[in-house]
Amino acid sequence: MKSKYWAMVLAAVIVLSAAAAIPLFGTAQDAGWAEIRSNGQLSRTVNLHVDQQFTIPCPGGYNTVTVKDGKIAVTEASCPDHYCMDRGFCSGGTPIVCLPNKLVIEFTGEQEIDGLLG
């Protein structure tokens, strides 16, 4: 009888813990907009729901940015390492950064704040 009781208590604790953790580890919603900064200056604010492609001149060269299907990516860059291009198409989360060209793409709009990071 005691083992059944403790098994039920343990099961209840596990279920309640999992339910409490859902808001903490929930996924962020897609952003609706992105702000593109070049050399620290706001260059452009982009609606991620409008497909487009444009080139941003940067102090170190240029970055070609493509918006497609609610996502944004650096699809061409004059930087030597191309890490910004390796990031691929994103719809939210951490910014896309091209450090050599001093370009930052930050997501704004319909995002949720991560419960762990605040």
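1. A strand, here, is a run of at least two residues that DSSP labels E, and strands are numbered from the N terminus. Keep that in your pocket, since Arg37 sits in one of them, strand β1. One more thing before we go on: this is a predicted model.

2. How sure is the predictor? The protein chain has an average pLDDT of 82, with 75% of the residues scoring at least 70. Go carefully over residues 23-28, where the pLDDT is below 50 and the stretch has seven contacts beyond near neighbours in sequence. Residues 111-118 also fall below 50, with 14 such contacts in the model.

3. Now for the largest nonpolar core, which has 21 residues. Ile36, Ile72, Leu103, Ile105 and Phe107 are the members that touch the most others. Two or more residues each come from β1 (33-38), β3 (52-58), β4 (61-68), β5 (71-77), β6 (96-98) and β7 (103-108).

4. Have a look at Phe107 itself. Setting aside residues up to four places away in sequence, Phe107 touches a long list, including Trp33, Leu48, Ile72, Cys90 and Ile96.

5. Back to Arg37: is this residue buried, partly exposed or exposed? Arg37 counts as partly exposed because its relative accessibility is 26%, and that class lies between the 20% and 50% cut-offs.

6. Who are the partners of Arg37? The Arg37 side chain makes a polar contact with the side chain of Glu35, at 3.1 Å. Beyond four places in sequence, Arg37 is in contact with Leu42, Ser43, Lys102, Leu103, Val104 and Glu106. Lys102 is 65 residues away along the chain, yet the two C-alpha atoms are separated by 8.0 Å.

How values were computed
Residues numbered from 1 in each chain as written. Predicted model: local features only at pLDDT ≥ 70, side-chain atom pairs only at ≥ 80, totals over all residues. Heavy atoms only, no water. Core = buried A, V, L, I, M, F, W, Y, C linked by side-chain atoms within 4.5 Å. Buried < 20%, exposed > 50% of the residue type's maximum accessible area, 1.4 Å probe, protein only. Helix = DSSP H or I, 4+ residues; strand = E, 2+ residues; numbered from the N terminus. Contact = heavy atoms within 4.5 Å. Polar contact = N/O pair within 3.5 Å; in protein donor to acceptor, adjacent residues only side chain to side chain. pLDDT = per-residue confidence, 0-100.
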